[in-house]
Amino acid sequence: MKSNNNLKILVVDDEKEYREVLQMILESKGYITETACSGKDALEKLKKKNFNLVLSDLIMPGMSGIELLEQIIEKHPETEVIIVTGYGTVQNAVEAMKKGAFTYFIKSHDPEELLIEIDKIKNLTGLENNNELVRSQQIDTNFMLKTKNPRFKKVLDIAEKAAQSNINILILGESGVGKEVFAHYIHHCSDRRGRSFIAINCHALANNVLESELFGHEKGAFTGAVEQRKGRFEAAHGGTLFLDEIGEISLSTQVKLLRIIELKAIERIGSNKSIDVDFRLICATNKNLHKSILEGEFREDLFYRMSTITIEIPPLRDRKEDLTDLIDFFFKRSEAELKKKVNQIEKGVMNFLFSYDYPGNIRELKNIIERLVALSSNGIIKEVDLPEYKKGEQCNNEIVEVKSLKDVRKEFEARYIAEVLELSDYNMSATARKLDITRRQLFNKITEYNLK
């Protein structure tokens with residue numbers, strides 16, 4: 001059974017038979033469920049693991065359900081509580097609601113009533129998580145799109161104007177420049193801002209899996225299709241669909257995409273029924289699609305369909321006047337997320353951060369700063385904690401040591417391969433493709449330069 005929204009429930013009851021029956025009912029509905037035999041046992045489990053909901057018996061030896069509720073409200077305020085009781089103690093259960101319980105459930109009633117209440121909590125939890133995600137994304141967007149760079153300001157202006165229509169937009173830029181952040185910004189500036197923003201990385205999924213994700217499927221359409229599923233196009237109805245790394249999809253999928261863009265209708269895998277969909281399409285890639293068209297890897301008609309407006313995001317090395325604000329933002333965010341205070345940053349670190357060219361762009365800047373904060377001690381950010389392959393990089397053009405041209409080339413090649421490996425999440429095929437060499441050649445280079 002597929003997990004039901006990943007809602008985690010802890011059942012607390014001193015009667016073994018009742019908690020086992022309740023666990024069986026909940027797990028049959030797909031909820032992740034654990035049990036505790038007492039209030040004390042429940043608090044121990046809550047220390048080690050987060051639960052969305054606690055179902056607690058009202059009357060238990062040692063610690064009552066009310067006392068457990070008070071402890072949960074104090075120590076785990078994000079966890080909801082439903083009190084389970086008998087007819088004779090309904091009044092006490094009502095009092096528990098006044099103290100902060102979500103609701104109560106009478107043991108002799110139909111379990112379906114309890115499932116309805118749990119469903120309310122599931123929806124509430126999902127809504128709060130989505131709102132938090134939207135708030136977090138908006139904060140990132142606001143800071144990452146602040147700029148003093150004239151070229152970037154012009155790109156933002158084009159994006160804002162394009163957002164006012166429903167035309168298809170293609171975002172170009174190197175890996176890590178913030179193409180998805182930009183797509184979010186366009187969505188936020190549009191009339192569709194109150195509807196869904198659905199994103200999918202086309203390169204992250206195998207072709208058959210990608211089509212199922214995009215178009216959805218009917219039950220029994222293929223092995224493993226145990227239930228009907230809506231695809232990302234349907235999920236984006238009324239909102240925005242963002243297809244990242246569009247240059248990586250197969251020609252057969254490109255044909256289907258072209259048809260959907262033209263007709264604004266999809267057919268789920270395993271069905272002939274046409275379903276109308278209303279979406280704004282934003283695509284992104286770091287590939288040279290004109291070259292892919294010439295090589296027969298990308299359809300020219302699809303390219304023109306999805307690129308009514310093309311926006312190219314400049315790399316971070318071309319907008320270094322924004323580094324001060326970005327560095328400050330990522331340090332503050334890392335402090336908050338990692339719960340570590342930064343009191344001092346060594347001069348060598350700042351020299352590096354302002355002089356480095358960031359082939360991985362904003363994503364690399366963010367990762368470097370997160371690493372520095374994570375490895376800091378006593379509130380001091382140290383130069384020694386910079387990534388190993390960056391420590392040897394000079395922050396100026398002085399020649400410190402004369403080396404043979406052959407050795408310099410080897411050092412540069414090793415460093416560059418290490419950077420591309422990191423940018424590609426150590427995916428050998430993707431790295432080889434970006435370096436325009438074979439997997440075998442890449443493996444030999446990794447072995448030669450000891451990059452494992």
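In the predicted model, Leu 172 has Thr 285 of strand E13 as its bridge partner. This pair belongs to the contact between strand E6 (residues 169–172) and strand E13 (residues 280–285), which run parallel and are joined by 4 bridges. Both strands are part of an open sheet of 5 strands in the order E7-E10-E13-E6-E14, with parallel pairing. The edges of this sheet are formed by strand E7 (197–201) and strand E14 (309–312), each of which pairs on one side only. On average, and with direction ignored, neighbouring strands of the sheet are turned by 20 degrees against each other. Helix H7 lies across E6, E7, strand E10 (240–244), E13 and E14, and its direction makes an angle of about 150 degrees with E6.

Within strand E13, Leu 281 provides a view of the surroundings of the sheet. Leu 281 has a relative accessible area of 1% and is therefore buried. Apart from residues up to four places away in sequence, Leu 281 touches Ile 167, Asn 168, Ile 169, Leu 241, Leu 243, Ile 261 and Met 306. Leu 281 and Asn 166 are separated by 115 residues in sequence, while their C-alpha atoms are 8.1 Å apart in space.

A further open sheet of 5 strands has the order E2-E1-E3-E4-E5, again with parallel pairing. Its edges are occupied by strand E2 (32–36) and strand E5 (103–106); each has a single partner strand, so one side of each lacks a neighbour in the sheet. The average turn between neighbouring strands of this sheet is 20 degrees, direction ignored. E4 and E5 run parallel and are joined by 4 bridges; in E5, Tyr 104 is the bridge partner of Ile 83. Helix H4 (residues 90–99) lies across E4 and E5, running at about 160 degrees to E5.

Thr 85 is found in strand E4 (residues 80–85). With a relative accessible area of 2%, Thr 85 is buried. When residues up to four places away in sequence are not counted, the residues touched by Thr 85 are Leu 58, Val 90, Ala 93, Tyr 104, Phe 105, Ile 106 and Lys 107. Tyr 104, listed among these contacts, is also the bridge partner of Ile 83.

The analysis next turned to empty space in the model. The largest pocket encloses about 1600 Å³ of space. It is lined by 49 residues, of which Glu 174, Ser 175, Glu 245, Asn 286 and Lys 434 are the closest to its centre. By class, the lining comprises 22 charged, 14 polar and 13 nonpolar residues. At least two lining residues are supplied by each of helix H5 (111–144), helix H7 (179–189), helix H11 (289–294), helix H13 (323–338), helix H15 (361–375), helix H17 (405–423) and helix H18 (428–435). Helix H7 thus appears both in the lining of this pocket and across the strands of the sheet that contains E6.

Helix H18, one of the contributors to the pocket lining, also contains Thr 431. Thr 431 counts as buried, since its relative accessibility is 0%. Its contacts, not counting residues up to four places away in sequence, are with Val 420, Leu 421, Ser 424 and Leu 442.

A search of the whole structure for enclosed space finds 1 cavity of 30 Å³ or more. The largest cavity has a volume of about 30 Å³ and is lined by Met 144, Leu 145, Phe 152, Val 177, Gly 178, Val 181, Phe 182, Ile 313 and Ile 362. These lining residues divide into 8 nonpolar and 1 polar, with no charged residue. The lining of the largest pocket, by contrast, includes 22 charged residues.

At the level of the whole protein chain, the secondary structure comes to 19 helices and 16 strands. Of the 452 residues of the chain, 44% count as buried; Leu 281, Thr 85 and Thr 431 are each buried. Among contacts between residues at least 6 apart in sequence, 69% join residues at least 24 apart.

Terms used:
Residues are numbered from 1 along each chain as its sequence is written. This is a predicted model: local features need pLDDT of at least 70, side-chain atom pairs count only at pLDDT 80 or more; totals for chains, interfaces and linings use all residues. Side-chain values use heavy atoms; hydrogens and water are left out. On a 1 Å grid over the protein atoms alone, a cavity is a set of points where a 1.4 Å probe fits but cannot get out, and a pocket is an open set with protein on both sides within 12 Å along at least five of seven lines; lining residues have an atom within 4 Å of a point. Grid points are joined across faces, edges and corners, and a volume is the space filled by probe spheres set on the points. Ala, Val, Leu, Ile, Met, Phe, Trp, Tyr, Cys and Pro count as nonpolar, Asp, Glu, Lys and Arg as charged, and the others, Gly among them, as polar. Two strands pair if DSSP finds at least two bridges between them. Axes are lines fitted to C-alpha atoms, for helices over the stretch in contact, and angles run from 0 to 180 degrees between N-to-C directions. Contact means heavy atoms within 4.5 Å. Buried means under 20% relative accessible area, exposed over 50%, partly exposed in between (1.4 Å probe, protein chains only).
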